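Please open the model in your viewer and keep the selection panel at hand. The tour moves from the whole chain to single residues and then to a pair of packed elements.

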Amino acid sequence: ALVSLAAQHPNYGVPEFLAWLEARESDDSPAPAPAPAIEATDAIRVMTIHASKGLEFPFVFVLDAGADFNPAAGRGALQLDEVIGAGVRYFDRPERSRRIDPLHSLAAVARTRRDREEELRLLYVSTTRAKEKLVLIGHAAPNAWADARERFGTGEPLSLIEREDAQCMLDWVLPAIAGHTGAGGGAGGQAGLFSVRETSIYRAA
């Protein structure tokens, strides 16, 4: 029901929609006017990747590309899959042991695969919004770029297992860029359309 209500007001932001819900619950007041669209060319728009579908901008910054995908998705005690069914992990108190239904592992793998496919679609959407320049910002291990150049600098693509085992967007992006810049791209990794810049961040003691 909530989704259908939100679909009736596609121009509302979250604050406007919540305000309308509160007013509707209290006295059936009319919906507030949606926030005006930002059309100015010198404005900065902050939005989710989902909200950017179908839009284009001169410059696009994709933040937190090194953030881990949902690590708990396949670890829940209950795993559901429309094809495999339901699998559970539980503690058998009389036997004093942990039990895992075989379907639990299968459903968890299927869910992880679906999640990776969705993250890959989001990566595609986010990297195809820019007309002039795209900047991806994310954190990684200190040797992540060097490892990517050494492993994929010859142009060898990610294997299917490596693609499905990715933990963040940079696990896909860095090998792809390394394949274009080559193993000898240097610390800056500049070659043609791509440029990788590394910045060390030190945490204060």
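What follows is a series of selections, each with a description of what is found there.

**The whole chain.** Begin with everything displayed, bearing in mind that this is a predicted model. Colouring by secondary structure should bring out six helices and five strands in the protein chain, and if you trace them along the sequence the order is α-α-β-β-β-β-α-β-α-α-α. Switching to a surface, you are looking at about 14,900 Å² exposed by the protein chain, of which carbon and sulfur atoms supply 56%. Of the 205 residues in the chain, 24% are buried. Among contacts in the protein chain with a separation of 6 or more, those between residues 24 or more positions apart account for 58%.

**Ser-52.** Next, select Ser-52, which sits in the loop between helix 2 (14-27) and strand 1 (57-62). Is Ser-52 buried or exposed? Its relative accessible area is 6%, so Ser-52 is buried, given that the cut-off for burial is under 20%. Once neighbours within four places in sequence are set aside, the residues in contact with Ser-52 are Met-47, Val-125 and Arg-129.

**Phe-57.** Move on to Phe-57, a residue of strand 1, which counts as buried because its relative accessibility is 18%. Leaving out residues up to four places away in sequence, Phe-57 touches Arg-45 and Met-47, and also Arg-129, Ala-130, Lys-131 and Glu-132. If you add Ile-44 to the selection, the distance between the C-alpha atoms of Phe-57 and Ile-44 should read 9.9 Å, the two residues being 13 apart along the chain.

**Asp-64.** Now select Asp-64, located in the loop between strand 1 and strand 2 (78-81), and inspect its backbone: phi of Asp-64 is near 60°, a positive value in a residue other than glycine.

**Helix 4 and helix 6.** Finally, select residues 144-152 (helix 4) together with residues 170-181 (helix 6), which pack with their axes 8 Å apart at an angle of about 55°. The two helices are therefore oblique to each other, and helix 4 passes helix 6 in a right-handed crossing. To see the contact itself, show the side chains of Ala-144, Trp-145, Ala-148, Arg-149 and Phe-152 on helix 4, and add Leu-174, Pro-175, Ile-177, Ala-178, Gly-179 and Thr-181 on helix 6. Coloured by residue class, this contact of helix 4 with helix 6 divides into eight nonpolar residues, two polar and one charged.

How values were computed. Residues numbered from 1 in each chain as written. Predicted model: local features only at pLDDT ≥ 70, side-chain atom pairs only at ≥ 80, totals over all residues. Heavy atoms only, no water. Helix = DSSP H or I, 4+ residues; strand = E, 2+ residues; numbered from the N terminus. Buried < 20%, exposed > 50% of the residue type's maximum accessible area, 1.4 Å probe, protein only. Contact = heavy atoms within 4.5 Å. Areas by Shrake-Rupley, 256 points an atom, 1.4 Å probe, with all protein chains shown as cover. Axes fitted to C-alpha atoms, helices over the stretch in contact; angles between N-to-C directions. Parallel < 35°, antiparallel > 145°, perpendicular 65-115°, else oblique. Left-handed = near helix turned anticlockwise from the far one by under 90°. Nonpolar A, V, L, I, M, F, W, Y, C, P; charged D, E, K, R; others polar.
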